[in-house]
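Hi everyone, thanks for making time this morning. I'd like to walk you through one small part of my week, so please pull up the viewer and follow along.

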Amino acid sequence: YLGTRPVSLEQMQAAMKTALSENPDLRIHLRADQGTPYGEIKKVLKACADVGAYEVIYATYQMR
C-alpha cells in the first residue's frame with residue numbers, strides 16, 4: 001500500500017522517485033503487522049534502496 005491505496009512495487013518506486021526529486025530529505029515510513037512475512041518487507045526495503053530512499057523508518061505492529 002502507498003497510503004491507503006494498494007500499489008505494485010514498481011508503482012511505489014515511481015512515486016518515491018517523484019517524491020525524492022521534489023524532496024531529497026524524504027523519509028519513508030514502512031509499517032507492517034506481525035502477520036507480514038519478512039520476505040515481503042525485505043522486497044519493499046530493497047525497492048526503497050534501489051531508488052535512493054535511504055531514510056526508511058520501519059515499525060511493526062502487533063495484531064490484537
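Let's begin at V44, which counts as buried because its relative accessible area is 19%, under the 20% cut-off. You'll find V44 in helix α2. One thing to keep in mind as we go: this is a predicted model.

So which residues does V44 touch, if we skip those up to four places away in sequence? They are L9, M12 and L30. If you click on H29 as well, you'll see that V44 and H29 are 15 residues apart in sequence, with 11 Å between their C-alpha atoms.

Now let's step back to the overall layout. The protein chain contains two helices and two strands, and reading along the sequence you meet them in the order α-β-α-β. Helix α1 covers residues 9-22, while β1 runs over 28-33 and α2 over 38-50.

How far does the chain extend? Its C-alpha trace spans about 40 × 20 × 20 Å along the principal axes. For 64 residues, a compact globule would be expected to have a radius of gyration near 11 Å, and the protein chain, at 12 Å, agrees with that. Contacts across long stretches of sequence feature heavily here: among contacts with a separation of 6 or more, 72% are between residues 24 or more positions apart.

On to the inside. Of the 64 residues in the protein chain, 22% are buried. In soluble globular proteins, nonpolar side chains tend to be buried together. In our model, the largest nonpolar core has 13 residues, and the ones touching the most other members are M16, I28, C48 and A53. Helix α1, strand β1 and helix α2 each supply at least two residues of this core, with the largest share, four residues, coming from α2.

C48 is a nice one to zoom in on. Leaving aside neighbours within four places in sequence, C48 is in contact with M16, I28, A53 and V56.

Next, helix α1, where I picked three residues to compare. Is Q13 buried or exposed? Q13 sits in helix α1, and its relative accessibility of 19% makes it count as buried. Beyond residues up to four places away in sequence, Q13 touches A47, D50 and V51. Q13 and L30, by the way, are 17 residues apart in sequence and 13 Å apart from C-alpha to C-alpha.

Q11 is also in helix α1, but Q11 counts as partly exposed, at 44% relative accessibility. Y1 lies ten residues from Q11 along the chain, and their C-alpha atoms are separated by 10.0 Å.

The third one is T18, again in helix α1. With a relative accessibility of 43%, T18 is partly exposed too. If you draw a line from T18 to Y54, you go 36 residues along the sequence and 15 Å through space, C-alpha to C-alpha.

Last, the outside. The accessible surface of the protein chain is about 5,100 Å², and carbon and sulfur atoms account for 51% of that. As for charge, the protein chain carries 8 positive and 7 negative charges, and the mean positions of the two groups are 4 Å apart.

If you take one picture back to the bench, let it be the core: 13 residues, with α1, β1 and α2 each contributing at least two. Thanks for listening, and I'm happy to rotate the model for anyone who wants another look.

Methods: Residues numbered from 1 in each chain as written. Predicted model: local features only at pLDDT ≥ 70, side-chain atom pairs only at ≥ 80, totals over all residues. Heavy atoms only, no water. Rg over C-alpha atoms; globule rule 2.2 N^0.38 Å. Buried < 20%, exposed > 50% of the residue type's maximum accessible area, 1.4 Å probe, protein only. Contact = heavy atoms within 4.5 Å. Areas by Shrake-Rupley, 256 points an atom, 1.4 Å probe, with all protein chains shown as cover. Lys, Arg positive; Asp, Glu negative; His and termini not counted. Charge placed at Lys NZ, Arg CZ, Asp CG, Glu CD. Core = buried A, V, L, I, M, F, W, Y, C linked by side-chain atoms within 4.5 Å.
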